[in-house]
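Please find below a note on the fold and packing of one protein model. The points are numbered for ease of reply.

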Amino acid sequence: MNLPSHSSHRFAKRFTKGSAQAITQTNKPLFRNQYEIVRRLARGGFGTTYLAKDATALHNRTCVIKQIRYKKATPHNSAEKAFEQERSHRRFQKEARIMARLGRHSQLPCLLDHFVEDGQFYLVQEHIPGNTLSQELHRSGPQTEAQVKAFLRDMLPIIRYVHRHNLLHLDIKPSNIIRRSHDQKLVLIDFGAVRRYPVEGIDATDSRSTSDRCTGTVGFSPAEQLSGRPVPASDLYALGVTCLYLLTGCSPLDFATSPKGQNLRWQESIRVSSHMRHLLKKMLSPEVSQRFQSVDELNQALRQEGHYTELKVCMTHEPYGDYVGGQQFERPEACLLDSYVKPAAQSGAAQQASSIRRWQQRRRHFKSFTPK
């Protein structure tokens, strides 16, 4: 049973069929005598999502109903059909348990209910009021490097929480990230592609077909994910593509050099710091082994920016002297010695002696130097 628009007569007939008689307090049919369908939010490969109101809850609580669609092999007889239905039911119960556990995190939607109606599978989740990052970008344009780094700092704890449950989201993209209205926190939604992963890789005993496991969004999903072998670094790749989208406002397919949307050529399209360029280069590497392997590794690299700035100021990393190869270098004033004189032509022994004297002089100078 699909959920059509509530304004049609066919909608009322299909909703009342196979369930209890609908009550009509507001002259609208209620799904399962409980949910008033407001509108359809989205439709994709994993099912259709609707915005609804729970008429039995206080103040008609708003929620999201997701009708899940599982890919099934074509049954040739009633026995195969029953087997496919039973397998889908077990998978649905498993995914409901996963969603119930993940919903304990404040930046993931809470599972309110789950049920099977007329042979169809439904999850009822908390509605998150706010705009997706896609909607924000459409209204405000590309974000700055500082905004994108703030986005990363807010997203990494969420992804770490998912990964610590031995789960992969596998569909991280701007349209699946909502900025919650009341506190401006980011919330990751749509776990239709979520998969477990064992330490050694994809579980060989998984009864799902290879095509069923090749999930994700072209352009945001790396090659190993589309081939059915996702790893934690696959989510970090999608996170990197999302960063690129926020910086440029361009679809990843505009940068892709492969038919499946990988091998992105983005370096010439953005102007960011060397630190941000390093992060993106590792996150967007086509080779899994070249990417950040965990959220903690990426978070550590993100936090290194402040240390890099301090080192650049405090360390003498330019060659000593006014000119090297005809090019003038700038350096901290603490490194300049008033007694230094550019050496004239000297013998090897004399040059070595001068170098020793200069080293001793610098040592005495820095011993008495106090930063301002």
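The points below cover the basis of the model, its overall make-up, its cores and its cysteines.

1. This is a predicted model, in which local features need pLDDT of at least 70 and side-chain atom pairs count only at pLDDT 80 or more, while totals for chains, interfaces and linings use all residues. Residues are numbered from 1 along each chain as its sequence is written, and side-chain values use heavy atoms, with hydrogens and water left out.

2. The protein contains 11 helices and 12 strands, taken as DSSP runs (helices H or I, at least four residues; strands E, at least two) and numbered from the N terminus. Of its 372 residues, 40% are buried (under 20% relative accessible area, with exposed over 50% and partly exposed in between; 1.4 Å probe, protein chains only).

3. The largest nonpolar core (buried Ala, Val, Leu, Ile, Met, Phe, Trp, Tyr and Cys residues joined through side-chain atoms within 4.5 Å) has 54 residues, and Phe151, Met155 and Leu239 have the most contacts inside it. Among the elements that each supply at least two residues are helix H4 (145-164), strand S9 (186-188) and helix H7 (232-248). H7 gives the most, with 10 residues.

4. Met155 touches Ile177, Leu186, Leu188 and Leu239, leaving aside residues up to four places away in sequence; contact means heavy atoms within 4.5 Å. A second, separate core of 10 residues includes Ile37, Tyr50, Ile65 and Tyr122.

5. The disulfide count is 0, the criterion being a pair of cysteine sulfur atoms within 2.5 Å. Cys243 is buried at 0% relative accessible area, whereas Cys250 is partly exposed at 29%.
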